[in-house]
Amino acid sequence: CFLFLNVSCNFRNHGWRSCVNGSKIPKAMPSTSRRPSDSVLPSVSKRSFTEDLKDDPDDLEEPLLSPKFPVATGWDRQISAPSNLSKLAPAHKVEVLASSSSSTKNFVAACVTCAICLTGGISLGAIIFPSDETHPNTEFKIVGMQIGLLGMCLSQWVLYWRSQIKCCIAGGSIPPVVAISSTFFKRLGPAEPHTVLFALSFITFSAGVLIYLAPRFIPLGRIVKGIPYTVFGGFMAGSGVLCIQYGIAIAWPLVNNDPLSLASSEAGKFWVPPFLLAVLVYSAQEMGIPMEDTVLPMSLAAMTAAFYATLWMTSGTGTDLGLEAARSDGWLFNMEVPSSPTFYHVWEIQDLSKVRWDLLRSPDLLTAIIQCFALCSLTMVEDLYSITEMAGLKIDLNKEVQSGGISNMVCGLFGAMPTNAVLSYTLSAYKSGASSDEFLLYTAIISTILFVVGDYAIALLPKMVPAAAMIWVGLALCWEWIYRGASRLSKLDYGVVWVMVILNVTTGASYMLLGGLFVSLLQLAHRLSCMEVIAGETSSTSERSNTLRTVADDAILAKFGGSSMILHISKVILFFGSAHQIQEHVEQRLEKKAGLKTQPLEHLVLNLGSVLDAEISGVKTLYAIFDVAREHDIKVVIVGMKDNVKKKIERFSTSDGESLYTSFDSMDQALHFVERGIIQRSKGKGALLAMGTTLNPDLLVVRKSVKAVYPQQKPVRAVGTDIHAWLNNYVDGYNASRMLPILLDQLEIQKFTEDQEIALTGAPNSMERAPLIWLLDGEIGVVNDPGDSNGEFKKKGVLEFKHSDTFNSPVSGDMLQRACIFAAQDGCAGPLNTMPSFFTGFQVPPIAVYATSPNVVCALLTHENYQKLPSDVAMLVQHYCARKDFSQNAMSGRFWRKA
């Protein structure tokens with residue numbers, strides 16, 4: 001019956017479609033692997049069913065029925081509209097056909113998937129109870145197989161009640177069953193089958209309770225995704241090897257006591273056939289054989305048929321197939337064919353008086369419960385995640401996990417094993433067309449029937465059938481990692497997988513997981529320590545603050561900026577494996593190397609703005625850097641610490657910890673602090689104040705040239721010196737005697753007190769123009785969007801001009817730019833960033849220029865005076881401003897930090 005239904009449904013899915021007139025028309029069927037939501041399609045057309053068929057009689061792909069009627073898809077679509085539409089059946093008959101076909105499809109899918117689950121449940125149940133020659137525990141092994149069927153039955157009813165996945169199939173959870181069987185049950189020993197049976201129920205129920213409560217307190221999805229992939233792969237590979245071992249033990253039980261007995265010819269005839277069948281089936285599936293999901297059950301059915309055919313041919317004539325002889329020889333399980341169903345033996349066999357309670361009052365039981373809970377949760381979430389991704393479903397993962405918890409609680413109460421939604425079974429059902437609660441009901445009913453008559457199946461089932469199924473499961477689990485991992489994984493990752501496999505086979509799943517996590521931790525620490533912690537290194541020679549300075553001060557920074565080290569730290573966590581890179585880098589800079597001309601280090605800037613967190617080892621390493629800096633008289637500056645990092649650094653500070661470093665929130669403030677220190681150290685060195693630009697290196701010569709064309713003793717001559725230093729020898733059309741007298745006479749000298757407004761750019765819809773500003777003495781600052789906080793500019797529509805790079809854009813009130821002159825000198829700093837407003841009348845965001853020191857002297861060029869300049873002079877002013885703006889942007893580090 002199973003073979004007929006399976007072959008029939010696949011033939012109809014890929015073959016012919018019957019017509020009403022009896023002819024057969026070859027027609028490509030649409031894929032049946034649609035999402036469940038596609039089985040009920042909305043009605044989007046007001047045209048009638050017959051009108052659509054008039055246009056295209058063979059086109060039934062578009063939604064034609066109302067949402068309450070399921071549309072027949074795939075193999076269940078068996079009609080084609082004839083040319084005579086008057087003979088077409090009424091619409092209500094089409095509705096009945098669609099509903100009936102959908103029901104048939106769900107029933108066939110349920111039969112196919114339950115047949116696949118049958119061998120899995122029996123195979124997994126056969127490995128629960130340990131055995132040896134003294135205690136073969138044959139009766140309990142048979143009960144274990146029935147327990148596997150019971151778990152499938154109970155879980156399927158819970159899925160029908162609560163599951164959101166309408167094609168979901170439950171079965172025994174392989175990883176936890178294999179793990180507790182190979183560890184806790186093995187330690188209990190073959191002499192305690194009653195204790196194992198009770199412990200199985202208790203562990204399953206306890207794990208179910210924990211699984212049900214876990215989503216309320218633990219982000220299972222995030223934890224599962226955070227498990228190292230090599231650990232997960234090593235666990236799967238180790239479980240696969242154990243499954244192969246258990247599968248061989250089902251066929252040849254003596255392997256548990258004498259592994260070398262497998263080499264005997266007597267053992268070979270028992271374990272070689274199922275092993276070869278499992279290898280051939282898995283190889284065929286890997287090569288993409290058609291109907292690959294049904295190859296295994298069909299092969300197991302063929303093996304069963306071949307076994308009984310051989311038995312019949314060797315037993316002579318008559319109805320006696322020699323079952324007793326086959327059973328005594330070890331081909332069949334030691335269970336007589338019952339005269340009536342004995343499924344209730346699952347509960348009758350338990351004798352609480354024979355339970356060793358002292359063995360259950362050990363920490364091993366608690367370990368087994370935690371182990372079962374962890375592995376069940378891991379397997380459940382991984383399978384659910386894979387099912388929803390492959391089937392394109394959207395579900396509440398926490399609710400589905402809680403459904404799994406309820407399933408395990410019910411299984412524990414009724415004496416079954418841990419279960420979960422099985423990925424392979426569910427995808428087989430999905431590909432077979434399962435798509436509604438009707439399918440879940442069918443699978444629940446069929447699994448119940450299989451449990452009731454399971455003792456007949458177990459009594460007649462050859463041992464090699466569940467053995468082949470278990471070996472196939474083992475191959476499916478370990479092939480990806482043991483074979484393909486050799487070429488896909490690094491040698492270190494591949495070594496972790498093999499370490500876990502060896503630990504699993506020799507010591508059990510607990511030590512395997514601990515060993516895998518330990519090795520992965522070492523591997524992670526090594527890899528993190530190899531990551532580049534320092535994203536970039538600069539100095540005040542190449543990276544500057546947004547502070548405008550005189551030509552002489554800029555020259556000082558260009559020459560002595562190398563006395564600072566600016567380290568930009570990557571987006572990392574400072575811990576024992578990464579923070580040492582910073583210390584080693586600083587120590588290398590401090591080493592005195594012969595023949596190496598390096599300026600003594602005076603300032604160390606650590607940009608920690610991207611550091612995510614710091615643990616105690618990383619913090620202690622930073623303090624080691626502070627101590628080294630103090631020994632060498634180096635000022636340490638820390639920039640942009642996050643609150644969590646700042647608290648940890650302050651927590652480990654000593655009484656004089658504040659003197660170890662200076663902290664700033666922004667990089668611009670830190671750079672300004674370092675630049676001020678470098679310039680002040682050079683104060684009083686007259687030769688330094690004579691340094692100019694690259695093509696005008698001697699500032700004294702520049703001053704003489706300006707004085708020759710503009711002899712007036714006015715402060716504005718400092719602006720002329722700056723213009724000459726930046727245009728002479730740079731621009732062919734520049735003529736100092738032509739430009740400077742005309743321009744300098746249009747400048748206005750104004751004095752300001754602290755916090756006094758110097759200039760304000762207009763709103764976007766205003767044509768007000770701010771002047772060009774040069775600082776002659778004192779300090780001034782440029783503030784971003786000063787009216788944004790009180791809504792002045794919002795009312796005028798400034799929001800539509802917000803900067804596109806919102807992540808890096810300054811907010812209202814930020815200091816965009818400074819200009820600073822530390823000591824009275826024949827120089828100026830400027831022009832400030834009012835140039836867009838000055839030349840175009842449009843500057844967004846608007847800015848305000850304020851005096852930030854008590855006595856400020858500025859030179860201003862208003863737009864009204866600018867319009868009085870000859871065109872050639874005005875053009876040179878634009879060229880000068882563009883050159884200064886480009887130089888300032890390139891040196892301030894704005895481009896570097898944004899990149």
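This is a short conversation about reading salt bridges and overall architecture in a predicted model.

Visitor: Before we start, what should I keep in mind about the model?

Guide: It's a predicted model, so local features need pLDDT of at least 70 and side-chain atom pairs count only at pLDDT 80 or more, while totals for chains, interfaces and linings use all residues. Residues are numbered from 1 along each chain as its sequence is written, and side-chain values use heavy atoms, with hydrogens and water left out.

Visitor: Okay, the big picture: how many helices and strands does the protein chain have?

Guide: Helices (H or I, at least four residues) and strands (E, at least two) are DSSP runs, numbered from the N terminus. Here you get 35 helices and 18 strands.

Visitor: And what share of the residues is buried?

Guide: Buried means under 20% relative accessible area, exposed over 50%, and partly exposed in between, using a 1.4 Å probe and protein chains only. In this chain of 899 residues, 51% count as buried.

Visitor: How do I read the contacts in the protein chain?

Guide: A contact means heavy atoms within 4.5 Å. Take the contacts with a separation of 6 or more: 82% of them are between residues 24 or more positions apart.

Visitor: Now salt bridges. How many does a search of the whole structure find?

Guide: The rule is a side-chain nitrogen of Lys or Arg within 4 Å of a carboxyl oxygen of Asp or Glu. The search turns up 18 of them.

Visitor: Which residue does Asp-437 pair with?

Guide: Lys-166, at 2.7 Å from N to O. This pair links distant parts of the chain, 271 residues apart: Asp-437 sits in helix 18 (residues 437-452), and Lys-166 in the loop between helix 4 (138-162) and strand 3 (170-172). Asp-437 is partly exposed at 35% relative accessible area, and Lys-166 is partly exposed too, at 25%.

Visitor: What about a salt bridge inside one helix: how far apart are Lys-269 and Glu-266 in helix 10?

Guide: They're three residues apart in helix 10 (residues 265-286), so about one helical turn separates them. Their side chains meet at 3.5 Å, N to O. Lys-269 is partly exposed at 40%, and Glu-266 is partly exposed at 41%.

Visitor: Where do Asp-627 and Arg-630 lie?

Guide: Both are in helix 26 (residues 616-631), three residues apart, about one turn of the helix. The closest N and O atoms of their salt bridge are 3.4 Å apart. Asp-627 counts as partly exposed at 33%, as does Arg-630 at 47%. Elsewhere, Glu-286, Glu-480, Arg-484 and Arg-488 are joined into one network by salt bridges that share partners.
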